[in-house]
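User: I would like a close look at one part of this chain, with the rest of the picture built outward from there. Please give me the cut-offs behind your terms as you go.

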Amino acid sequence: MLAIEAIEALNRERLSPLTVLTGEDLGQFSQLKEALLRVIGFEAQDLTVSYFDLRETAFETVAIDLESLPFFAEDKLVILDQVLDVTTAKKRALSDDDLKRLEAYLEAPVETTKLILLAPGKLDSKRRIVKLLKRDGQIFEANEPKEADLRQYFKKQVQALSLEMDTASFEELLVKSHFDFSQISQNLALLKAYKGSGSISQSDIDLALPKSLQDNIFDLTQLVLADKIEAARELVKDLRLQGEDEVKLIAIMLNQLRLFLQLRLLQDQGKSENQLASALSDILGRTVNPYQVKYALRDSRHVPTQRLQKAIQCLIETDYQIKSGLNDKAYLFEVALLKIVA
């Protein structure tokens, strides 16, 4: 189960005496935080809830509230935001004395107080206070979810939004969102705003979702491999106006071209299309989605192996020349594109 699903099943009564929201995926963390505050019915004017941003509030004020008994109800809720001191972040919000006081509270909490810690980042397991949190708290982590859980959750979200997507369209959404939880959520919201309800096609996805840098560089790669140099130049010009750097463009182009070449070489070894994703995952040491393989095969099918090798070698040499300061990077990148087309 994803953290978001576990949070959405909560309410204030079901809340643990100690709840910790943490995680390195800051986009997902923001969504989890919003969901948590929503399910507990957080309102700034609620006198039974105290909210403190530790970057802005002296801990003495926080401690007094934590250690005091509730006045307006039988229990109260205290929310501490930006508790960076329990993470591996270099920034700190609390002094050593403040941390010791918080540790002491965690060892002997007030029974009528429920405490929520919002700590964006990775928990620092070496700290004693983190060991206390893991021992006594209910922890929700905004980390990269398993692909199967991700699929299951967003299929439910598609239905909840009164949308319909066939397998190809759903996979297109995932691939275009790079299987990133936050990006999928944002893109699904855009599709809802664009379509309202009903069936979402692949053309709807193309029209409704903005192109990412990866998408634009994929287009650039395809234009160069198709010898459409003028269109490629115009796209590079647009990317420069958006502040993109040639070294970054080369790095992403190389990733795309290497994927094409790796798949071609695996096919030459007799691997079937169904075996390619597994074989490539073993080589790269990470899971490669079969649909990414399917799209890569489709887009590189008519490009000769020697052409792919030439393009990769040319971009590697250009990257070295730029980093060595041999000439202006815009000029060197332009020359590289011309060499690939030639």
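User: In which helix is the place of Thr305?

Analyst: Happy to walk you through it. Thr305 sits in helix H15, residues 305–323; helices here are DSSP runs of H or I with at least four residues, strands are E runs of at least two, and both are numbered from the N terminus. Before going further, please keep in mind that this is a predicted model, where local features need pLDDT of at least 70 and side-chain atom pairs count only at pLDDT 80 or more, while totals for chains, interfaces and linings use all residues. Residues are numbered from 1 along each chain as its sequence is written, and side-chain values use heavy atoms, with hydrogens and water left out.

Leaving aside residues up to four places away in sequence, Thr305 touches Leu261 and Arg264, where contact means heavy atoms within 4.5 Å. Another pair to check is Thr305 and Leu265: 40 residues separate them along the chain, and their C-alpha atoms are 8.4 Å apart.

Now the wider setting. UniProt, in an unreviewed entry, annotates residues 214–340 as "domain: DNA polymerase III delta subunit-like C-terminal"; such positions follow the numbering used here, feature names are shortened, and annotations may be inferred rather than shown by experiment. This stretch, residues 214–340, is 80% helix and 0% strand, with its end C-alpha atoms 20 Å apart.

One helix pair to inspect here is H11 (residues 229–241) with H16 (residues 329–341), whose axes come within 11 Å and cross at roughly 155 degrees. The axes are lines fitted to C-alpha atoms, for helices over the stretch in contact, and angles run from 0 to 180 degrees between N-to-C directions. That angle makes H11 roughly antiparallel to H16 (under 35 degrees counts as roughly parallel, over 145 as roughly antiparallel, 65 to 115 as roughly perpendicular, and the rest as oblique). The crossing of H11 past H16 is right-handed; that means the near helix is turned clockwise from the far one by less than a right angle, and anticlockwise would be left-handed. On the H11 side, Ile229, Arg233, Val236 and Arg240 meet Ala330, Phe333, Glu334, Leu337, Leu338 and Val341 of H16. Sorted by class, this contact has seven nonpolar, no polar and three charged residues (Ala, Val, Leu, Ile, Met, Phe, Trp, Tyr, Cys and Pro count as nonpolar, Asp, Glu, Lys and Arg as charged, and the others, Gly among them, as polar).

Asp227 is in the loop between helix H10 (213–225) and H11. Its phi is near 65 degrees, a positive value in a residue other than glycine. Most residues other than glycine have a negative phi. At 40% relative accessibility, Asp227 counts as partly exposed (buried is under 20% relative accessible area, exposed over 50%, partly exposed in between, with a 1.4 Å probe and protein chains only). Ser162, in the loop between helix H6 (147–160) and strand S6 (163–165), also has a positive phi, near 60 degrees, and is partly exposed with a relative accessible area of 45%.

For another part of the chain, turn to residues 20–142, which the unreviewed UniProt entry records as "domain: DNA polymerase III delta N-terminal". Here the chain is 36% helix and 22% strand, and the end C-alpha atoms lie 11 Å apart. Val20 belongs to strand S1 (residues 18–23) and, at 0% relative accessibility, counts as buried. Beyond residues up to four places away in sequence, Val20 touches Leu117, Leu133, Gln138, Ile139 and Phe140.

Leu133 also takes part in a helix pair: Leu99, Leu102, Glu103, Leu106 and Glu107 in H4 meet Arg128, Ile129, Leu132, Leu133, Arg135 and Asp136 in H5. That contact has six nonpolar, no polar and five charged residues. The axes of H4 (residues 96–107) and H5 (residues 128–136) come within 10 Å and cross at roughly 25 degrees, so the two helices are roughly parallel, and H4 passes H5 in a left-handed crossing. Asp97 is in H4 too, and at 59% relative accessibility Asp97 counts as exposed.
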